[in-house]
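Colleague: Could you take me through the salt bridges in this one, slowly? I'm new to this, so please spell out the cut-offs as you go.

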Amino acid sequence: MKINFTPETYEALINRANKEDKPAAALVSELITAILSKEENNEDNKTRKAISGD
C-alpha cells in the first residue's frame, strides 16, 4: 500500500516517530488502528443509545 502525505503531515509523522523511537510505518499503523477502533466504539455507542431510547 502506498500512502501520500502532505509535506507538513509527513514532517509531523517523522518527528513523532523519532520521538517515540519507532519506524514511521509502525506509527502510521498504530494511529490508524486506534482511530478505527475509536470510530467502531462510537458507532456501537450510537446503536446502543438508539436501541435504549436515550
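Modeller: Sure! The count comes to 3 salt bridges, where a salt bridge is a side-chain nitrogen of Lys or Arg within 4 Å of a carboxyl oxygen of Asp or Glu. Keep in mind that this is a predicted model, so local features need pLDDT of at least 70, side-chain atom pairs count only at pLDDT 80 or more, and totals for chains, interfaces and linings use all residues. Residues are numbered from 1 along each chain as its sequence is written, and side-chain values use heavy atoms, with hydrogens and water left out.

Why pair up at all? Side chains of opposite charge can pair when their charged atoms come close.

Let's start with Arg16, whose side chain meets that of Glu20 at 2.9 Å, N to O. Glu20 also has a salt bridge with Lys22, with the closest N and O atoms 3.2 Å apart. Lys22 in turn meets Glu30, at 2.8 Å from N to O. Through these shared partners, Arg16, Glu20, Lys22 and Glu30 are joined into one network.

And how covered are they? Arg16 is partly exposed, because its relative accessible area is 40% (buried is under 20%, exposed over 50%, partly exposed in between, using a 1.4 Å probe and protein chains only). Glu20 counts as partly exposed too, at 34%. Lys22 gets that label at 23%, and Glu30 gets it at 42%.
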